[in-house]
There are 4 protein chains.
Amino acid sequence: MPQVCKEQVYKPTDTNIPRLGEPKVKSPLKHGRYVDEDDAVLVNLSRQSVEGTKGRKKRDPAYFELAGPRSNLYFDPSKAKCAVVTCGGLCPGLNDVIRAIVMTAHNEYHVPSVLGIRYGLAGFIPSEGYDVLELTPENVSQIHEFGGTMLGSSRGPQQVGEIVDALERMNISILFMIGGDGTLKAAERVQAEISKRNLSIALVGLPKTIDNDIQFASPSFGFDTAVEKATEAIRCAHVEATGAPWGLGLVKVMGRESGFIAAQSAMALQDVDFVLVPEDEFDLSGENGFLQHLEKRVRTHGHAVIVVAEGAGQNIIGQSREKDKSGNPVLGDIAGTLKTEIKEHFHKQDIECTLKYIDPSYIIRSVPANANDRIYCSFLGIHAVHAGMSGRTGLVISRWNGRYVHIPMKLMTKARKKINTCSNYWRAVLESTGQPGSMKNG
Amino acid sequence: MPQVCKEQVYKPTDTNIPRLGEPKVKSPLKHGRYVDEDDAVLVNLSRQSVEGTKGRKKRDPAYFELAGPRSNLYFDPSKAKCAVVTCGGLCPGLNDVIRAIVMTAHNEYHVPSVLGIRYGLAGFIPSEGYDVLELTPENVSQIHEFGGTMLGSSRGPQQVGEIVDALERMNISILFMIGGDGTLKAAERVQAEISKRNLSIALVGLPKTIDNDIQFASPSFGFDTAVEKATEAIRCAHVEATGAPWGLGLVKVMGRESGFIAAQSAMALQDVDFVLVPEDEFDLSGENGFLQHLEKRVRTHGHAVIVVAEGAGQNIIGQSREKDKSGNPVLGDIAGTLKTEIKEHFHKQDIECTLKYIDPSYIIRSVPANANDRIYCSFLGIHAVHAGMSGRTGLVISRWNGRYVHIPMKLMTKARKKINTCSNYWRAVLESTGQPGSMKNG
Amino acid sequence: MPQVCKEQVYKPTDTNIPRLGEPKVKSPLKHGRYVDEDDAVLVNLSRQSVEGTKGRKKRDPAYFELAGPRSNLYFDPSKAKCAVVTCGGLCPGLNDVIRAIVMTAHNEYHVPSVLGIRYGLAGFIPSEGYDVLELTPENVSQIHEFGGTMLGSSRGPQQVGEIVDALERMNISILFMIGGDGTLKAAERVQAEISKRNLSIALVGLPKTIDNDIQFASPSFGFDTAVEKATEAIRCAHVEATGAPWGLGLVKVMGRESGFIAAQSAMALQDVDFVLVPEDEFDLSGENGFLQHLEKRVRTHGHAVIVVAEGAGQNIIGQSREKDKSGNPVLGDIAGTLKTEIKEHFHKQDIECTLKYIDPSYIIRSVPANANDRIYCSFLGIHAVHAGMSGRTGLVISRWNGRYVHIPMKLMTKARKKINTCSNYWRAVLESTGQPGSMKNG
Amino acid sequence: MPQVCKEQVYKPTDTNIPRLGEPKVKSPLKHGRYVDEDDAVLVNLSRQSVEGTKGRKKRDPAYFELAGPRSNLYFDPSKAKCAVVTCGGLCPGLNDVIRAIVMTAHNEYHVPSVLGIRYGLAGFIPSEGYDVLELTPENVSQIHEFGGTMLGSSRGPQQVGEIVDALERMNISILFMIGGDGTLKAAERVQAEISKRNLSIALVGLPKTIDNDIQFASPSFGFDTAVEKATEAIRCAHVEATGAPWGLGLVKVMGRESGFIAAQSAMALQDVDFVLVPEDEFDLSGENGFLQHLEKRVRTHGHAVIVVAEGAGQNIIGQSREKDKSGNPVLGDIAGTLKTEIKEHFHKQDIECTLKYIDPSYIIRSVPANANDRIYCSFLGIHAVHAGMSGRTGLVISRWNGRYVHIPMKLMTKARKKINTCSNYWRAVLESTGQPGSMKNG
């Protein structure tokens, strides 16, 4: 039953960006315009947010600072050494971000050096024995044609002290950290250590999450490419399902806590019958359970396609307490459970279904970015350099309401972005699949 | 020389949407939430716009109404007959919009009939002799896998009276018009005639422009797909240019008055040396002219790739006074001029350049939409039906600041959207190409 | 150590095609040329085969009859009813074959009806309850744009008597069976029953095997498309492998008894380090075992990509005695074994490798055919109709040495085609991967 | 009217390959097998060719030598310097051939050096001032991911003496020339000069023709990729044609003297109404002329798609006497003529057709090779090195009847390969388009 409910937007209070000091160096940029120091855009666009809701005290609206070049810099470009590191799982667009950072630092600011740290934070640790790479316009010029990250990546935390030691040793002015939730949390600790040591090192984050589950990134880079690739896999599942009597196609896509890839690719393909996401708990059996609805669907249409986010249905299988190297809980195997339960369910009805299972995860995340993500990543990289040169630190570059903005790092890691199951977005997903509004019993 | 200049956003004053009458019918929707009648989002997000600029009188901020289903409808769904028409040139996503309208009207509102008008406005005119198509969930279910429009399209105006006659004769409640600037202007005239005749026909527009040159659509649907395809053609031009001594690749892309496709695809590919757009006049000869810079580039790099929007350089070739069937001035052939002038210029230096010219226009506009545009188009179609059922008329559905909104039709046709050549966006384009900030002499 | 060894080609003795009777009906074809009844091409092209080897008695060379239209037909086209059935697993190009059969039967021979049998041989069995589809130029005209088979498919044998009963009941003149080894064997039994009952039903087979493991099809249809898609998955494995320290990418591709997809896609991508195929047994451990070579490779290059055919390494895991519905032995899970053994091996060396496993099987087999396979499949379908109309039966249409030919069905099922590991082809694979000539110990 | 006519295969008489001298050096190859010196395959497979036609004297069958490694070499690999040059227009696969030559020469034979000649034959001429490139496994390892040729290319002949001077100066043992008809003719002259000077330089050709019009290459490399890309452009033309009343799509593809790309891509897409090729003369006007048939088609179907090879219809427009730099006659502009004549024809009937013209040439030829062509090109490169090392010269490497073979260079340039308009192939094209067998009047 439809209801009137309001958009749920996380409301930030403090959106100020820390700075290393007074920007006193004149920028050497050739083209275009500088951003005014007080240029900012509204965080929440709704009329209620701007005008306040009747009967409640109006809050001052929150703004995010606009990204872009400043006329005055904190670092002297001719002496500013930069470093770039990519952490965590692969995501389309990593090479584009690296490339844009290198190109902007060299071609616009003429910095003396941009170093590439190999294999994530491990690259800072001497005992791991990885060399750093000198990144130049020449050796990055074609990397955007390839997926993955030219620097390599790794998971897991490293000693904050050792990281800052390395930054000091290499004489780094600006460190660009490209990574997800865990990386941004590590970045906060690194920044705290930098402050403690009173060093003039700016730390600029670039939020990476193929799940699109980070607040204030709409969407996160690589997500669009991931959806494009996911639809290809789902199209294959549809072909398989229609190609056999009682044919079922089951596709598992990424989405630990948020089902955006599942929902979005189902919307794009318009050939999916069930989307299962972490945000919408469901039961397997029972009158209103998934299996009952699935059976009904197959009886009517002859086949069905199911897209499941890896984090869906954890209520069913019971979450484990194990953690992976990045500190995330190891998820229960919902796809495996579904395979078993579905076959058994049909078997009980004396129906021999043909279930084809597709797990396209690594095919999705390791392709080169599409044009849209390429441009997005270029701007993230460009604006990261502008922000760092101006002496800003402890921030991430993101796109919010269509604008590139500066967001305090600590805001990004406070809460995950999830699908609002009471939104028009989720309604459209349900309408495109035809699945019921809820598959919980009772 | 960089300067501090402000974002130029067209500031609407009246954003109210006309309505046919009081909505008194309860909506039959099953899932999700309704939009409140006063849900709206800010048009202009900048702090100045919200708080006012110092020393100037603060204006009341303008809002756009949020798109989405309303709990009360004007039309009784069980009696509301709909019609869809596609006008003007092809654009990726047309079939997706049609499909979403048909699916939403049938599956959510259970309307008795959705008619497809063939070949644009001409399909309304009896003397043209085109049959209408009954559109059903079955016959539209796979159309999004194909480019173009299943309805066909045509250019040029038709007698407003005859169109409204046809609407009356077919007993249409809601007409969905998918088309560009010219079509939206025609739609305003149709709506005026409907009002004059006191008919209860809602008219909902869906702004289509592959050039992305319509205000308040960011970007317009199909644009993302077009850029993706354009980069493929430009990549080929790059291969051709590097494959020959003094190799030049020249690619003409769409963009009559706005060079967004040219700029965006150059950004995406990062292998373009010159982007020529209508917004940035240039000279051919002279010390700071294009030819001089081109020669310098080829002498340094051995080759060069030029992307030109079809409407660029009209200052050079002199605009003709001819008009095409849609009433647009026939553009001078800038690509032809460039070909001739470039060859001659190099010939004068005794250099035999190898110039390869690519015009990928029809390949760009006739492909199926990519995943991103598919979802965008689905929502446009869905929200168009919601808007029409609620009795709104004289509006378009668009996406603005990431939200789907209702915008008065008359606002859309007031001014074209153009590249702001003093923006960070254009700066990024210039940096990616390495071309000078201006190629005007003196 | 290289050696001089001869090409191993299976040498057929009897290549005569059975016929239903004297062809007395004049063909109604409009264009082109007829094939002479004695047009034939050599099976084995080598000089030795033609001239005989010294010291051995020269055998008469074997020929395959050329496919193509005959001037005289056995069936009266105006009365010949056709039926098409697709059996076994999906393969790119099935829809193209179906389409070509329907188009040729209707547009060239003007037969009264072509029936589509649903879901494989099960579609003949009344108790299964599947309706037949009337196939027309209209309803097949766009099917080649989609993967899979519009008819559906299924595995497993059915009662031969019931199949022939159905053919009699439906009054079929020509049955086109598209399927693999098992299907062709079933077809032989069906044809025997047809003979026994003295019926005038022609049976024309179209050999389908995505593994490319059927004799006298070079390659089989869909194989080229499969390789193209497999390379995409392997490219992703390469990106994953290079993206992590001690990074390993493991890709399992189809190939139960023959490793052609694995070998061919490794050749195409040129970024694979190990190809494991059924034809080339290997050991896991030991000095010359796979794990030792893998470790050496990763120590040198930092990463490695392994492509394994599903049927490889059965010597290691011990073949099970289970059989699937098509009667094929259930293969041991070599990919699972490799994953475990590789991790353990590196773990023993105190190395934490990052192994990413990709199984793209269903993504490979369910895509639409590429241009090359489309044309191949068109000709198979066209020539199948020509053959059937001429009264030939018990044959398959295939391409051999670049010509479309008629081959007796019984020849196709006598032996599998396998990679000759002593050929230049396999040498090229080894050279492209850099793996040792053998990974067997002792 | 169909007729019985025989396949027209050009029958070579002398297929012996010249050699520089006795091969006395033992090959260092590690894997696989050597080819016997007398291994050869039949040129013409037909029964008539093998057994002779009744009443005519039987000719001795002709064989082509099998390509592949020989156990004895002419050149000492440790001293053999190689050079590679690419000439003429771009074609998919050039980089793959280059890569395979470099990889084989370095990794299998361990030659000291492979030089890349820049920009075609011009790269040999000192006054042009191009440096040579040292080609190594490292710098060619990723080139197959890009279209074009990493060496650059150029058209036109150069002084044979200067070329051989350069070979002597650079101390080249084997020169690999990748190019078309003109290049192979130049290669013959270079080889003659080498002989005259009594030099030990082997010259190995690799026949390149995107038109697929070279004898004894079936098909030529890059052709398959070209067809794949051409179908994409034609699909767009089809979308455009169906999107407008009286819609016409006209696509010009490559094919100066042979219409293979046009015919093949029409077959692959199955949505083309007229294929116009050089081999099949047609009239424009008159009762049986093209325009009349086109009009009929559009009246029936509402739209039509025409694919025209650039060399078609030269009888209509009159061939010019101009020649381009490669010595080929400049073709008349058949596409321009068609555009004008079609519009005029419909205009006369008071029909306003909508004609969209697409010229995808440079998009077709500059893409990277598909998997099929990649493997083909790899083998061409591999076998070219084997042939050169064995001391063979004045030959090309080609694939004939599915085997890689050595063919005397002079055989390749004797005649063009053309579509046999009396073949089953052309019949299939006609049937797929539905166009009449001939559009000549009277």
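**Exercise 1. State how chain A is related to chain B, and through which surface the copies meet.**

Solution. In this predicted model, chain A is superposed on chain B by a rotation of 180° with 0.0 Å of shift along its axis, at an RMSD of 0.0 Å. The two copies are thus related as by a two-fold rotation axis. Within chain A, the C-alpha nearest that axis belongs to Asn401(A), 2.5 Å from it.

Next, take the contact itself. It joins 56 residues of chain A to 55 residues of chain B. Helix α12 (residues 371-389) of chain A gives the largest share of chain A's side, seven residues. By class, the side of chain A that touches chain B has 23 nonpolar, 21 polar and twelve charged residues.

Last, compare the two sides. Of the interface residues of chain A, 98% are also interface residues in chain B, so the copies meet through the same surface.

**Exercise 2. Decide whether chain A is as compact as a globular protein of its length, and describe its division into domains.**

Solution. Begin with the secondary structure: chain A contains 14 helices and 17 strands. Its radius of gyration is 24 Å, and the globule rule gives 22 Å for 442 residues; the two values are close, so chain A is as compact as a globular protein of that length. The C-alpha trace of chain A spans about 75 × 60 × 40 Å along its principal axes.

Then consider burial and contacts. Of the 442 residues of chain A, 61% count as buried. Among contacts between residues at least 6 apart in sequence, 77% join residues at least 24 apart.

For the domains, chain A is divided into domain 1 (25-220 + 369-412) and domain 2 (223-366 + 422-433). The C-alpha centres of these domains of chain A lie 34 Å apart. Their contact takes 21 residues from domain 1 of chain A and 17 residues from domain 2 of chain A. On the domain 1 side, the residues divide into six nonpolar, eleven polar and four charged.

**Exercise 3. For Ala230(B), find the helix that holds the residue and determine whether Ala230(B) is buried or exposed.**

Solution. Ala230(B) is in helix α6 (residues 223-242) of chain B. This helix, α6(B), has 20 residues and reaches 28 Å from its first C-alpha to its last, close to the 28 Å expected at 1.5 Å a residue.

The cut-off for a buried residue is 20 or more other C-beta atoms within 10 Å. Ala230(B) has 26 C-beta neighbours inside 10 Å, so Ala230(B) counts as buried. The helix as a whole is mostly covered, with 19 of the 20 residues of α6(B) buried.

Not counting residues up to four places away in sequence, Ala230(B) touches Val253(B), Ile261(B), Ser265(B), Pro360(B) and Ile364(B).

**Exercise 4. Do the same for Ala384(B), whose helix and burial are to be found.**

Solution. Ala384(B) is found in helix α12 (residues 371-389) of chain B. With 32 other C-beta atoms within 10 Å, Ala384(B) is buried. Leaving aside neighbours within four places in sequence, the contacts of Ala384(B) are Ile101(B), Phe176(B), Val204(B), Leu206(B) and Ile397(B).

**Exercise 5. List the buried residues of α5(B) and name elements that cover them.**

Solution. Helix α5 (residues 181-196) of chain B has 16 residues and reaches 23 Å from its first C-alpha to its last, close to the 22 Å expected at 1.5 Å a residue. Its buried residues are Asp181(B), Gly182(B), Thr183(B), Leu184(B), Ala186(B), Ala187(B), Val190(B), Gln191(B) and Ile194(B).

The cover over these residues includes α4 (160-170), β10 (174-179), β11 (202-207), β16 (395-400) and α13 (409-412) of chain B. Just after α5(B), Asn198(B) takes a positive phi of about 60°.

**Exercise 6. Identify what is unusual in the backbone at Phe216(A) and between Ser218(A) and Pro219(A).**

Solution. The background is that most residues other than glycine have a negative phi, and most peptide bonds are trans.

Phe216(A) has a phi near 60°, a positive value in a residue other than glycine. Phe216(A) lies in the loop between β11 and α6 of chain A and is buried, with 24 other C-beta atoms within 10 Å.

Ser218(A) and Pro219(A) are joined by a cis peptide bond, with omega about -15°. Pro219(A) is placed in the loop between β11 (202-207) and α6 (223-242) of chain A. In chain C, the peptide bond from Ser218(C) to Pro219(C) is also cis, with omega near -10°.

How values were computed:
Residues numbered from 1 in each chain as written. Chains lettered and ligands numbered in written order. Predicted model: local features only at pLDDT ≥ 70, side-chain atom pairs only at ≥ 80, totals over all residues. Contact = placed C-beta atoms within 7 Å. Helix = DSSP H or I, 4+ residues; strand = E, 2+ residues; numbered from the N terminus. Nonpolar A, V, L, I, M, F, W, Y, C, P; charged D, E, K, R; others polar. Rg over C-alpha atoms; globule rule 2.2 N^0.38 Å. Buried ≥ 20, exposed ≤ 12 C-beta atoms within 10 Å, placed from the backbone. Least-squares fit on C-alpha atoms with pLDDT ≥ 70 in both. Expected span 1.5 Å × (residues − 1). Domains from an automatic or database assignment.
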